[in-house]
Amino acid sequence: MSGNFAHPDMQAPQVSFSNTEIAFKRFSNSDLRKAEWLFRTFNYPWLVRNGPTMASLAVSLGFKAVVKNTIFNHFCGGEHISACEATIDQLYRYGVGTILDYSVEGEEQESVFEATCLEIIHTIERAAGNDKIPFSVFKTTGIARFALLEKIQSGAALSTAEQAEWEAVRTRFARICRTAQERKVRIFVDAEESWIQEPIDSLAMEMMHLFNQEQAIVYNTIQLYRHDRLMYLTRTIQDTQCFMGFKLVRGAYMERERARAAELGYLDPIQPDKAAADRDYDAAIQVCIEHISRVSLCAGTHNEQSCIRLMKLMELHDVKPQDERVYFSQLLGMSDHISFNLSHAGYRVAKYVPYGPVKAVLPYLGRRAQENSAMAGQMGRELAMIRSERHRRTNG
Ligand SMILES: Cc1cc2nc3c(=O)[nH]c(=O)nc-3n(C[C@H](O)[C@H](O)[C@H](O)COP(=O)(O)OP(=O)(O)OC[C@H]3O[C@@H](n4cnc5c(N)ncnc54)[C@H](O)[C@@H]3O)c2cc1C
């Protein structure tokens, strides 16, 4: 495994992320006006803080349409797979694939886990043989109880009932991955909190061994905001002989990770600072590209510098932009300036398209609002891009 990172000054491929005409081609003027209004509301901290409660109340009181016509429609494909068709076609028209993400969270009953498993299998069936949908995805906590995963990771003995519950989880996990292999659809296993990630990693690795014999079908996700994950990735690549797939992300649960570590008094799993997370992210991209003959990767990021770095590394290692083993991925409704400019330049790009009943995806929408309001006192990047495109359209 090489520790020499590629020279940062190597020639950047010709992709401009500031081309808003390409970025927002799919948006009409009225869509853009709505998007500007939405991102402006994220600049009001009290609204972002109380938004999820207000939205939940609005839905309960019968004002679902208000939520649906605003934040939901911007960030989600629809309430059912069939309602996502328009989004799938629209993205594909500009060369961007869809990853159908069933975004129901926080459920705890076996019957719901079974139903979610069937829904994930449905997304795989929908993706089979369809260039518009290059991947499927799932969260293990969509098919398993969080506390069970936590108990397994802690090493505590499981009761007989829990052992049976765990067996059911393993069966669901394997069923999803087996269907993906049979239907030749690549599938991402999302990464979650560090205190439940070990059983997720074990299951994902077991499935890679079973189903990645001819190509990378099962992809695990690596969070580089954790200080131990670059090492995990490097070791796994060294020690595993089958094809492997990795989705590389920085990570979504930083505050929760830090708070738990402080409360329980163990070493904070998160990097000391953002620069360290960025450094490991870029190193992880490099490790994957250096092993591209066995390793496929998806850069799940809204960070322009990381995307540029990946493009440079692809060029350096003679990996063509259209190579199926390297994907860039962003979330629907965010970073269109990255997604559409990359696809315009011939790179493989797919967007997560979350879907599910409005009320059930509210936690997801709350996180998007939070993320886009993070830069206090500064115009958010999305808002700046939208304004720039509106200005360009008005002034020609
Ligand atoms: C397609 C896709 C799939 C995703 N899948 C997952 C998934 O499976 N699991 C998951 O957890 N997340 C997932 N994410 C969310 C992803 O982790 C967040 O989008 C990401 O954290 C935002 O980082 P960024 O790479 O876009 O860029 P940036 O905006 O450059 O980075 C912001 C991130 O850097 C990290 N960071 C910020 N400050 C610090 C600090 N002081 N110290 C250390 N780290 C810091 C945090 O992770 C923060 O979110 C996914 C995102 C996308 C686009």
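This is a short selection-by-selection tour of a predicted model, from the barrel to the ligand.

**The barrel**

Start with the strands. Eight of them form a closed barrel, in the order 1-2-3-4-5-6-7-8, and the pairing is parallel. Going from one strand to the next, the twist averages 30 degrees.

**Helix 5**

Select residues 85-93. This is helix 5, which lies across strand 1 (96-102) and strand 8 (349-355). Check the direction against strand 1: helix 5 runs at about 150 degrees to that strand.

**Strand 4**

Now select 218-223, which is strand 4. Is this strand covered or open? Mostly covered. Six of its six residues are buried.

Show the side chains of strand 4. Val218, Asn220 and Ile222 point one way. Tyr219, Thr221 and Gln223 point the other way. Both sets are buried.

**One neighbour: strand 3**

Add residues 186-189, strand 3, which pairs with strand 4 in the parallel sense. Three bridges link the two. For a register point, pick Phe188: which residue of strand 4 is its bridge partner? It is Tyr219.

Next, trace the chain between these strands. From strand 3 it passes through helix 9 (residues 194-211) to strand 4, a right-handed β-α-β crossover.

**Another neighbour: strand 5**

Select residues 244-249 for strand 5, which runs parallel to strand 4. How many bridges join strand 4 to strand 5? Five. Centre on Thr221 of strand 4; its bridge partner in strand 5 is Lys247.

Follow the connection here too. The chain leaves strand 4, goes through helix 10 (residues 229-239) and arrives at strand 5. This β-α-β crossover is right-handed.

**The ligand**

Finish at the ligand and display the residues around it. There are 24 of them. Which come nearest? Asp190, Arg250, Gly300, Thr301 and His302.

Colour the shell by element. Strand 4 (218-223), helix 12 (274-290) and strand 7 (326-331) are the elements that each give two or more residues. The largest share comes from strand 7, with three residues.

Then recolour the shell by class. Expect 10 nonpolar residues, 10 polar ones and four charged ones.

For a last view, keep the ligand and strand 4 on screen together. Strand 4 contributes to the shell, and it also pairs with strand 3 and with strand 5.

Conventions
Residues numbered from 1 in each chain as written. Predicted model: local features only at pLDDT ≥ 70, side-chain atom pairs only at ≥ 80, totals over all residues. Near = placed C-beta within 6 Å. Helix = DSSP H or I, 4+ residues; strand = E, 2+ residues; numbered from the N terminus. Nonpolar A, V, L, I, M, F, W, Y, C, P; charged D, E, K, R; others polar. Buried ≥ 20, exposed ≤ 12 C-beta atoms within 10 Å, placed from the backbone. Pairing = 2+ DSSP bridges. Right-handed = clockwise from strand over helix to strand, strands pointing away. Axes fitted to C-alpha atoms, helices over the stretch in contact; angles between N-to-C directions. Contact = placed C-beta atoms within 7 Å.
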